[in-house]
Amino acid sequence: MAATEQEQFYALLGNLLSPDNAVRRQAEETYETIPGPSKITYLLQAIRNNATPEEARQMAAVLLRRLLSSAFEEVYPALSPEDQTSIKSELLLLIQLEMQSTMRKKICDIVAELARNLIDEDGNNQWPEVLKFLFDSVSSQNVGLREAALHIFWNFPGIFGNQQQHYLEVIKRMLVQCMQDQEHPSIKTLSARAAAAFVLANELNAPLLKHFADLLPGILQALNDSCYQNDDSVLKSLVEIADSVPKYLRPHLEATLQLTLKLCADTSLSNMQRQLALEVIVALSETAAAMLRRHTNIIAQAIPQMLAMMVDLEEDEDWANADDLADDDFDSNAVAGESALDRMACGLGGKLVLPMIKEHIMQMLQNPDWKYRHAGLMALSAIGEGCHQQMEGILNEIVNFVLLFLQDPVIGALLQTMEDQGSQRVQAHAAAALINFTEDCPKSLLIPYLDNLVKHLHSIMVIKLQELIQKGTKLVLEQVVTSIASVADTVKEKFVPYYDLFMPSLKHIVENAVQKELRLLRGKTIECISLIGLAVGKEKFMQDASDVMQLLLKTQTDFSDLEDDDPQISYMISAWARMCKILGKEFQQYLPVVMGPLMKTASIKPEVALLDTQDMENMSDDDGWEFVSIGDQQSFGIKTAGLEEKATACQMLVCYAKELKEGFVEYTEQVVKLMVPLLKFYFHDGVRVAAAESMPLLLECARVRGPEYLTQMWHFMCDALIKAIGTEPESDVLSEIMHSFAKCIEVMGDGCLNNEHFEELGGILKEKLEEHFKNQELRQVKRQDEDYDEQVEESLQDEDDSDVYILTKVSDILHSIFSSYKEKVLPWFERLLPLIVNLICPHRPWADRQWGLCIFDDVVEHCSPASFKYAEYFLRPMLESVCDSSPEVRQAAAYGVGVIAQFGGDSYRPVCPEALPLLVRVIQSPDAKAKENVNATENCISAIGKIMKFKPDCINVEEVLPHWLSWLPLHEDKEEAVHTFNYLCDLLESNNPIVLGPNNSNLPRILGIIADGEIHEAIKHEDPCTKRLANVVRQVQTSRGLWTECISQLNADQQAAIQELLNSA
């Protein structure tokens, strides 16, 4: 290689390090044009040459590692075997010759990267010399070489490939020896990190973790020593273990917890180290809650530590003028303590945490130092989510405390401003704590405090408005406005009496707070007005609606001047949607103004980046980036700014489609084009949910354009929806997508899916059902675990609930397909049949049996008489389930008997006489009408009605009818109520003698049934059945004597109900 080329390359390395952007960019472009193999040659030469400036050598090492990491397949195999061999031996030689330790580490990184790529598919290491080098170096007298061996192993713990098991004892001995090196702290630290990396790399290998358990005391010792030498690398490794392999810590958990607690409490350590030590405990409360709950003594000591951190606040003169309640320095102890408390309360559960923390908080709230009061309120807010069930019990105490703080004495000008600011801070957080409570707090609990609360909020708002005008302090006012909104949102119509107290001031703020620094206050006030409007309802709000619309329109027309990050935008977008809910169809006129900015916000594209781990170290989280690691050496970053706004905007588009229906048709096309690709927007769950929800609503809106337009739109959505069902990772989002898909099929009907769609959908549904069974087995395994306790059972129940929820959505999709396609779809259904049959086996959980039966109910209802060929699979289980111990299963089975009678056809005739006594047994059981049983019971009554109506020759109707009448009316299950009332009308209209009784003596009872049905709103007035019932009543009215006799036997409510029925029909 010509010397001049190499010199040019050195100059290029210098330019890559240049502080001048243009020079650096030019150098990067030139570097990219050099062919891969030449890059390797040049870079190695630069590393080898000690005369090269240190910075350039390090740069060359980083570039070579990156090249091997990102382009190995393109570059390395292109080299001749001789070149490959010489590169491998040269790298190992360079490590031995290198004197400078930073540079040596960088060369070790290259070796680890090359070794990572030289392990073939079967796990053979194609570079045996590197293993020999590791063994030689680790027992060398040269400390630098021992460090190098450990560094390579730490960087790539999988370096032994398929030989790992063979070398396991050697690896263990090597690590133990190095951890006992008292003379060289660096060896001790590195070997502890390497041991941790090895454990993390083998997290699924339980025997290996057990075998390496006795390394943990050494790791903890090294962790302790390194922390006091200002090195937190081992501590970070322990956090990773707590995150990914918590079970590894079990044999020495007490020691691990004691050590991390000690470090967390040691104020001589840096904030970062103390927070990392706390993170070990907090991470365990999330990843191994049951294991940690056994060490209540540690949890009880950790809580005061978190609270102490929360008191660690800076004095800040400028605080009340800030825009945001969050502490900007998010590495502060106060923020770390608060977040830890929040996560721990959620992880371990309120049952354990609240009793431990309650006394501490109550003492803090009474402390004369504002920092303690402030921390106490922050702590209350923090545990709100994890402990909300337990907190309801002490709500009274809490609300009174928080109210005291909102009046926390604003000490006169005599005291320094600082203390005044202090109490402003307490006030703002008291309001914030209040918001947290009112959001979680059920309406019924809040109403007793409402009057007291609202009056306080009002008087503070008035004072703070004055302060804003006089001094420009606004933070407490922002919080108070949000508190008002939160209270109104919780108590709904109960806010009406206070409406006139607040609305004038709130409108005043929106009109006058136009300066740039008041944007957030104005946004929050707009939110508050719209939430109050929604709470009190159209009637009360109408007096201000047009004023508010004008104010919003004015802001909106100035929208083009608003900067993209203006906080008002997201508040405006939500406020518009609430106004749409309040005004309904009248809102359509504002769409042209609203849709522009809304579509712009909904179309935000986030910035993303792919970085390798070494680059990551230069990126910090505080510039709004969040990272997810993918694979061992790469991270995916996304700039989160704007994501929440995008999600809100998408939700609002859903709201418009839902509220305005055909009034939204002008916009359906652009919205569909936006939403369909967003089903794959994995950066934010809320965006995908909104995209899914919008699909059936947009089809409804577009109906008015005729079938051809509708079909085109459906074709644009359909593939994407099916694919999303197959690939969606989050079960909450998946259930929404499945629900929407089912709704779309109901809108589009027969013919909307082609063969490929059916093929793909069948495969996906089969997969979902198989996964359902597999998850149940996994949960059974977890119940055998040694840490199993009632809280683990609770979380397993939650998992089970979300699994069952997905099962209900499988049932929804099948329902919509059966009801659209009828028996044509049965051959397709057969690939799922064995799985559905499995659901209704007697040993399965009740929810499986319930939904399995519901699916067969649909098969009978929509695909008969052809459904009879599957009767051998479901008839026995269905009849046996009529008297099941679970009311949900009874209901599904009884409904099935009803549809068999109504739609089943002649083959099913023998079912009716067999089912009758079973149905009667359920209806006559003593607790048949109890709240949890009533729906099942009503389905049994309805099923008997359907047998009499559709299969009268299968049973003795005359014998059954009087009993059946005595069970009426139904009022819980509205659908079945309509069936029974329609059958009753059939009987009355045909003057059935059994129903009327001798001399019409049953009529008063019949009128009573009709009246009770009306009282319970069992039938909607628009249902044709209402007219039939009214006609029956009018028929009775024609005979004066009979009418008088009937009416005299009804109570006042029943008489009023009969009148109501006559008026409505």
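**Exercise 1. A salt bridge between two loops**

Task: Decide whether Glu-830, with a relative accessible area of 36%, is buried, partly exposed or exposed, then describe its salt bridge with Lys-869 in this predicted model.

Solution.
1. Buried means under 20% and exposed means over 50% relative accessible area, with partly exposed in between. At 36%, Glu-830 is therefore partly exposed.
2. Lys-869 has a relative accessible area of 48%, so this residue is also partly exposed.
3. The two side chains meet in a salt bridge, with an N to O distance of 3.7 Å. Lys-869 is in the loop between H42 and H43, while Glu-830 is in the loop between H40 and helix H41 (833-839), so the bridge ties together parts of the chain 39 residues apart in sequence.

**Exercise 2. Two further salt bridges**

Task: Work out where in the chain the partners of the salt bridges Glu-147 with Arg-104 and Glu-669 with Lys-673 lie.

Solution.
1. In the bridge between Glu-147 and Arg-104, the closest N and O atoms are 4.0 Å apart. This pair links distant parts of the chain: Glu-147 belongs to helix H8 and Arg-104 to helix H6 (residues 101-117), with their positions 43 residues apart.
2. Glu-147 and Arg-104 are both buried.
3. In the bridge between Glu-669 and Lys-673, the closest N and O atoms are 3.4 Å apart. Both residues lie in helix H34, four residues apart, which is about one turn of the helix.
4. Glu-669 is partly exposed at 40% relative accessibility, and Lys-673 is exposed at 51%.
5. For the whole structure, a search finds 49 salt bridges. Some charged residues are linked in a network of such bridges: Lys-247, Arg-250, Arg-294, Asp-785, Glu-786 and Asp-787.

**Exercise 3. The buried side of helix H34**

Task: List the buried residues of helix H34 (residues 668-678) and name helices that cover them.

Solution.
1. The buried residues of H34 are Thr-668, Val-671, Val-672, Leu-674, Met-675, Val-676 and Leu-678.
2. Their cover includes helix H31 (591-602), helix H33 (643-660), helix H35 (685-702) and helix H36 (707-727).
3. As noted in Exercise 2, Glu-669 of this helix is partly exposed and Lys-673 is exposed.

**Exercise 4. Val-922 and its surroundings**

Task: Where does Val-922 lie, and which residues does Val-922 touch beyond four places in sequence?

Solution.
1. Val-922 is part of helix H45 (residues 911-924).
2. With a relative accessibility of 7%, Val-922 is below the 20% limit and so counts as buried.
3. Leaving out residues up to four places away in sequence, Val-922 touches Val-882, Cys-883, Arg-890, Ala-928, Thr-937 and Cys-940.
4. One of these partners, Cys-940, is 18 residues from Val-922 in sequence, and their C-alpha atoms are 7.3 Å apart.

**Exercise 5. A loop residue and a positive patch**

Task: Is Ser-140 buried or exposed, and what is the accessibility of Lys-585?

Solution.
1. Ser-140 is in the loop between helix H7 (128-138) and helix H8 (143-155). Its relative accessible area is 16%, so Ser-140 is buried.
2. Apart from neighbours within four places in sequence, Ser-140 is in contact with Leu-145 and Arg-146.
3. Lys-585 is in the loop between helix H30 (568-583) and H31. Its relative accessible area is 46%, so Lys-585 is partly exposed.
4. Lys-585 forms a positive surface patch together with Lys-581, Lys-658 and Lys-661.

**Exercise 6. Backbone geometry**

Task: Locate the cis peptide bonds that precede Pro-865 and Pro-969, and describe the phi angles of Lys-822 and Asn-999.

Solution.
1. Most residues other than glycine have a negative phi, and most peptide bonds are trans.
2. The bond from Ser-864 to Pro-865 is cis, with omega near 5 degrees. Pro-865 lies in the loop between helix H42 (846-863) and helix H43 (871-881).
3. The bond from Leu-968 to Pro-969 is also cis, with omega near -5 degrees. Pro-969 lies in the loop between helix H47 (957-966) and helix H48 (974-989).
4. Lys-822 has a positive phi, near 55 degrees. Lys-822 is in the loop between helix H39 (790-821) and helix H40 (826-829) and is partly exposed at 35%.
5. Asn-999 has a positive phi of about 55 degrees. Asn-999 is in the loop between helix H49 (993-996) and helix H50 (1003-1015) and is exposed at 76%.

Technical notes
Residues are numbered from 1 along each chain as its sequence is written. This is a predicted model: local features need pLDDT of at least 70, side-chain atom pairs count only at pLDDT 80 or more; totals for chains, interfaces and linings use all residues. Side-chain values use heavy atoms; hydrogens and water are left out. Buried means under 20% relative accessible area, exposed over 50%, partly exposed in between (1.4 Å probe, protein chains only). Helices (H or I, at least four residues) and strands (E, at least two) are DSSP runs, numbered from the N terminus. Contact means heavy atoms within 4.5 Å. Patches are made of residues with over 30% relative accessible area and no salt bridge: like charges are joined within 9 Å, nonpolar side chains (Val, Leu, Ile, Met, Phe, Trp, Tyr) within 5 Å. Accessible areas come from the Shrake-Rupley method with a 1.4 Å probe; for residues, only the protein chains shown count as cover. Lys and Arg count as positive and Asp and Glu as negative; His and the chain ends are not counted. The place of a charge is taken as NZ of Lys, CZ of Arg, CG of Asp or CD of Glu.
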